[in-house]
Amino acid sequence: AASRLRLDDDVVYSVVFRRLHDGIPFVSTTVHLVPSAAQQVLESSALAEGAVGTHTVIGLLEPYLAEPITEAAQSITVAPADGPVAQAVGCDAGHPMLRVDRLYSDTGGRPVELSVSHFLPEQYTYRVTLRRSG
């Protein structure tokens with residue numbers, strides 16, 4: 001995570017959470033933050049262990065950032081659920097998951113957040129609409 005966030009050392013702040021829809025877990029997400037961003041939200045009750053809420057990490061961060069987040073580089077692949085992911089979403093370890101990595105950067109091109117999400121394909125569909133111009 002430190003390398004992907006282009007940090008000079010290995011200090012990264014991370015939070016793990018799962019999301020539910022109608023009480024059914026469908027994704028486990030690990031968010032890694034650069035120290036300068038993490039320092040701003042460390043004490044947020046929305047990130048406390050066992051917290052329940054509707055906040056996004058970006059929503060918590062943005063008021064404190066010197067420059068707004070303007071880009072998210074995303075990659076999507078398939079990966080097996082490891083033990084913690086399997087436990088979080090209620091599947092067997094090794095179950096195929098939709099893995100979505102997003103690297104969020106500010107207007108200066110500096111990475112601020114890396115999120116790695118594992119979605120249960122039985123509970124989630126990724127949709128995108130592509131348009132041509134011209």
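Strands β1 and β2 pair in the antiparallel sense over nine bridges, where two strands count as paired if DSSP finds at least two bridges between them, and where strands are DSSP runs (E, at least two residues) numbered from the N terminus. The model is a predicted one, in which local features need pLDDT of at least 70 and side-chain atom pairs count only at pLDDT 80 or more, while totals for chains, interfaces and linings use all residues. Residues are numbered from 1 along each chain as its sequence is written, and side-chain values use heavy atoms, with hydrogens and water left out.

Within this first pairing, F17 stands opposite T29 in β2. The two strands form a hairpin with two residues between them, and D22 in the turn has a positive phi of about 50 degrees.

On to the next pairing: β2 also pairs with strand β5 (residues 111-119), in the antiparallel sense and over seven bridges, and here S28 has H118 in β5 as its bridge partner. Eight of the ten residues of β2 (residues 24-33) are buried, so this strand is largely enclosed by the rest of the structure; buried means under 20% relative accessible area, with a 1.4 Å probe and protein chains only.

Further along, eleven bridges join β3 to strand β4 (residues 96-106), and these two run antiparallel, with S75 standing opposite D101 in β4.

Taken together, the strands make an open sheet of five in the order β1-β2-β5-β4-β3, with antiparallel pairing. Its edge strands are β1 (13-21) and β3 (69-80), each of which pairs on one side only.

Note on methods
Helix = DSSP H or I, 4+ residues; strand = E, 2+ residues; numbered from the N terminus. Buried < 20%, exposed > 50% of the residue type's maximum accessible area, 1.4 Å probe, protein only.
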